[in-house]
Structure formats: C-alpha cells, structure tokens
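Student: I'd like a close look at a single part of this protein, its nonpolar core. Please start with the terms I need, and then link the core to its surroundings.

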Amino acid sequence: MKQTHFYEFQKTDKIKSYKRLSYILFLIMPFILFSCKEKEEKIEVKSSKPNIVFVITDDQGYGDLGHTGNPIIKTPTIDKFATEAVSLTNYHVGTTCAPTRAGLLTGRNCNRNGVWHTIMGASILNREEVTMGNVFHDNGYKTGMFGKWHLGDNHPFHPYERGFDEAFYHGGGGIGQTPDYWDNDYFDDSYYRNGIPEKKEGYCTDVWFDEAMSFIEAKKDEPFFCYLSLNAPHGPYNVPEEYYNMYKDETAISEKQKRFYGMISNIDDNFSKLLNKLETLGIADNTIIVFTTDNGTARGYSIDEETNKLLGYNAGMRGVKGSEYEGGHRVPFIVRWPDGGLTGGKSLNSLAAHVDMLPTLTALTGQKFEPAKTMDGTDLSAYLLGKEDAPKRYLVTDTQRVPWPVKGKNSCVMDDNWRLIKGKELYNINEDPGQKNNVADAHPEKVAEMNAFYETWWADVIKETRFSVIDLGVNDMDVLTCHDARTIDYYPPWNQQMIRAGKPMEPAPFTVNFVKGGKYKFHLRRWPSESGLALGAEIKDGKPATSHTEAIVDGKSMKFSKAYVKIGDNIVDVDVDNNLEAAVLEMEVAEGETELVAYFDMEDGTPCNAFYVDVERVN
C-alpha cells in the first residue's frame, strides 16, 4: 500500500470509520513503509550475492562420467545436471591432488605458492597466500569446507585458519594417510571439526555431503560459500557393497575399477540429494553450483598386464593422473546458476583452468578482489555469460613431485588447442585428440613462441617458490608427521599402511618456526598418540580384501634403542623404553625459524625417522 492511498480514503468522507482508519494509517504508515523498504533492500542484497556450492572430486577424470561418453559408469544425476548447466569442455587443472587445490583456491600456479607435490613438505600452502575462503569471508559470505583439504595439517595452514568459518575434514591427502586420524578406513571414521577430532557414523562421502547440507540449511538466509572437496574416488578403493554390486558383473573393467566406479556412483547419488536440498530450501535458482574434479583419472582407464587389454574409458585422451598429456589434466567442469543465466546445457570449448575460478567467481558474485600477487588465472565471467569471447592467453601445468621444482619437468604449455609437452613435443588436440602425432618439426615457429612464453613465465614463478614453515609453540601441543618431512631422494611413509609395514625411514628435517623460545618436550612416536600403542608394539588387526574394500596389513613390530632430537646445531638424546608410547626428550629452544630432525636408532643400529612427533611447549 502506498502513502497516497491514505489521501484517497480521506477525500471519500463517506463513512466515519474510514476517517478513523485514515488517521491510524497516517500514524503507522511511516513504519510500514520503512519496514517494507528494509525488506526490499534485504532481498536486493540477497539476489545480488548468489550462494556458491563448489563440488570437486578426487582422481575422477573427464571420461569417468556417462555424458562424456563412458558406456559403463552410472552417473544419471550429473549427466542430467550437465543438460541444465554450462560446461567448459577445454578446462584444465594440475595433474595431482594438492597442486590443483592450491591453484584453485588462490588463482596462482602451484609452483608459486608452495604446493608442487602431495607430500615431503611441498603440499603446504604458503601462509601469505589469499584463498577463496579468505576473499568470500571478507566480503560477508559465510564459508564452510568439507572433506579433503590437503594444504597443510599444522598451524597456520588449517582450513579454519585460511578463511573458512567452519571446516570438517580429514588429515593429509586422503583418508588413511599418515596425518589422518589413526585407523580411518572410509567407514565410521573420526574427522576433524576446526581441529577437534569427532567420530561420525557412515561412509565418508555420505558424511561430507551431510555436513555440507547441514551448513547450507543453517546459512540459507545469508550468502554462503560451500567448498565440498571430496576424497573419493581416491584410493584406497573402499566403497559400500551396494555400489560395488552395481558393477560386479561387468566384464570390461577390472575388480578395482568396479570399486572405483561404485565410488563415483555414490557421489552421483549424494549430488542428487544436494540438488534436492537446494530446491527444498528455495535457494537453487540463486546458487552457483559447480561440479568438477582435480586431475585425470586414477583408475578409470588402465591396461591389463596379462592380456594387454584396455580397460575402462578415457574419452580418447592420452595419459591419466600425473601425466602432462591431456588425460592427466583435462577434466569436466559444469556450472549452473539459473538466476544468472548459466543454464541450457551449453558447451564452451575455449581454454580455461582451475586458476580462473577465484577471479571468475568473485566477478560473478560482485565481490571485491584486488590480488596483491601475480595471478595465473583470469576472469572468465563474461565468457561464461556469453557476453565476450574467452581471452587469448597461455597456460602452464606440470607434474613436479620432487623435493624442489625443476624447470621444464613434465610441463605442458597450452594455447587454446595447442599443447607443447616438455618443450619439444607439439600437438593440436582438435586434429589429434589422442596426441599421437608430434608436429613440432612442421611448426617450429609455434614451438619457439610457446617456449619463449614458458621461459619468461618460469623465471617469474621460480622467484616466488619456497617451502612453507610450520609454526610450533602456538599451542600447548603440536603434532608433526613424517608425511611432511623434507625427504630428498625417497618418499616418506605417507599413509598408515606404510606405517604399519614398519620399514625404517631415513632421518629427514622439518622446516619449523618456534614462535616462542623456551623449554620444549619432544615426544617421538612410532604410532600416533590416539592409537595408545607402545613404541615396540605389534598389532594383529589386519583385514583381508573383500569384494568392495582393500586389505589392511598387520602392524609390524619395530625395536628402538636410542632417540634423538636435533635442532640447528644442538642435539639431545635419550635411551628408549619400547614398552612406553613415546621417547620423551627436553631441550631449550630459541625463538625463530630452524630445521628439526627427530629420529631413532633401531636395536640393530639402523637410523629411523620418528613417524610422529608431538611437540609440547613447557609452562
């Protein structure tokens, strides 16, 4: 009702009650108008800030979906979602887990930001980096992450320290890896809620989706950013039996692929629940929802070693997870936003990448974002909305997985449909999607042009490359795991199966910063504290493989004679009692950055790094 209605009532003068009503309206109308205006303003703010749900799976490749051509896999929800959304069909990521997540959340290539590997201290996102969580939190969004973080398990690198109000996640790069809660196996596990362990019943993927939907329902009346980063279908390939049974009679895939496909079908069912939740809450039209993956397939395509038969499907691409060829880094990307016009099943085939997501999503949502560091990504919002062509530019992805990045190692320079591999091989994927025909000799000018870009780009990147430094002394107790030790020519025991196997690990340093000087106690462990196991314990809880789960090995006994802690040039030692849970050493430590090495002598004299180190600040 507008205020002019009051004057119309006053002029009629037919019934006295109208006059009385007019007087009442005259008194209360300013409050009504103010209230309506306030509600209108709130609605406008809400509509100008769409919600974001970003779903990224782990180790699922471009060919591991029905609508991309896989004749076996069952993904009806995601396939239908693609017909309602916009797909980027020339979209690229890193070739492994943590590097992709680091690039996605910062808009910067992983070699710039400290995450060129998945272990060895090179999967920890440098503390100065600004994440998508930071940007959206600072612009008034409620932020939550659920599932796989894989960008640091110590202060100040936890997800709840990187812009996420709420974080519910597992440790390391996968459930059952060394930093994860002991004995997690995908079923009825313990996860971390903002750093505090919490046991949950159910299969891991179901848990992540349930937690994300609870967050969404709680924040439905205000703009939110939900980062749903799954650990499936990463190995170990454990899946509820009902999902294995969906593929048990398939003859064109291996037993392990049946479990892998089952994990993906479970994701598809959960994605259906997520879409229905958004509809039920009435916020589906004003929510940008993304479905994508983090690298090429890990198990969806393989060669049978006995028969040399190809198993599975890879959309005609060369390479799988970890490869610089197309199958290692081209992945599906589907985005829907009805209120913003991102609908209709359109496919866009210009070059795009994970590093584009931060600038693109901030532009789509009207957020302020002024990067202080060099960005490798660019804003593709106008391209997605059909207003402009995609920008012409080069992109680089590579596979390092070494102690320190190496120039040119397993590199791929991309220019629309051109791919320059390791600076020598040139392919046009429009004409040769399987990258079988190296045309470098026929296009020397293109090779020279792309190599020139890479030279300039690398020189800029390597100036920023550095290890992350873990803070100690912030909490009364901090836990270091050998997953993050800076090994040189070998991989540390990065999962709990390797811890159980009891193979000695050569001593290796952690790069740390003691935020406070003083006395510290160092608890050197074979097993993590939550296990309650003694240093010399043997455990006989191994499980054989089943149709839908992988085997768990027994815990082999190890016997130690002496324990050492070396910080800088100072070293202390103590005799070991293998019946205790830890060898405890004390040391006065100076404030500042240093290297810490914690190791044992075994009874036969073999040195062995401590698998877990609890660092306790005294007083």
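Tutor: Happy to! A contact, or touch, means heavy atoms within 4.5 Å. With that rule, and leaving out residues up to four places away in sequence, Val55 touches Phe209, Leu228, Leu230, Phe271, Leu274, Val290, Phe291 and Thr292. Please keep in mind that this is a predicted model, where local features need pLDDT of at least 70 and side-chain atom pairs count only at pLDDT 80 or more, while totals for chains, interfaces and linings use all residues. Residues are numbered from 1 along each chain as its sequence is written, and side-chain values use heavy atoms, with hydrogens and water left out.

Val55 is a good way into the largest nonpolar core, which has 49 residues. Such a core is a set of buried Ala, Val, Leu, Ile, Met, Phe, Trp, Tyr and Cys residues joined through side-chain atoms within 4.5 Å. Buried is under 20% relative accessible area, exposed is over 50%, and partly exposed falls in between (1.4 Å probe, protein chains only). Together with Val55, the members that touch the most others are Trp208, Ile216, Leu228, Phe271, Leu274 and Phe291. Several elements supply at least two residues each: strands E1 (51-57), E8 (224-229) and E9 (287-293), along with helices H3 (76-83), H6 (204-218), H7 (241-245) and H8 (255-280). Helix H8 gives the largest share, 9 residues. Helices here are DSSP runs of H or I with at least four residues, strands are E runs of at least two, and they are numbered from the N terminus. In soluble globular proteins, nonpolar side chains tend to be buried together.

Now follow the loops that connect these elements. Between E1 and H3, the loop holds Asp59, which is buried at a relative accessible area of 2%. The phi of Asp59 is positive, near 75°, although the residue is not a glycine. Between E8 and H7 sits Pro236, and the peptide bond leading into it from Gly235 is cis, with omega near 0°. Most residues other than glycine have a negative phi, and most peptide bonds are trans.

These backbone features turn up elsewhere too. The bond from His155 to Pro156 is also cis, with omega near 0°, and Pro156 belongs to the loop between strand E4 (142-148) and strand E5 (166-170). Ala315, another residue other than glycine with a positive phi, has a value near 55°. Its loop runs between strand E11 (310-312) and helix H9 (326-329). Ala315 counts as partly exposed because its relative accessibility is 22%.

For a polar residue that is buried, try Thr360 in helix H10 (residues 357-364). Its relative accessibility is 1%, so it counts as buried. Beyond four places in sequence, Thr360 touches Thr378, Asp379, Leu380, Ser381 and Leu384.

Finally, step back to the whole protein. It has 13 helices and 28 strands, and its C-alpha atoms fill a box of roughly 110 × 70 × 55 Å along the principal axes. Of its 619 residues, 56% count as buried. Among contacts between residues at least 6 apart in sequence, 70% join residues at least 24 apart. The list of partners for Val55, including Leu228 and Phe271, is a handy place to begin on your screen.
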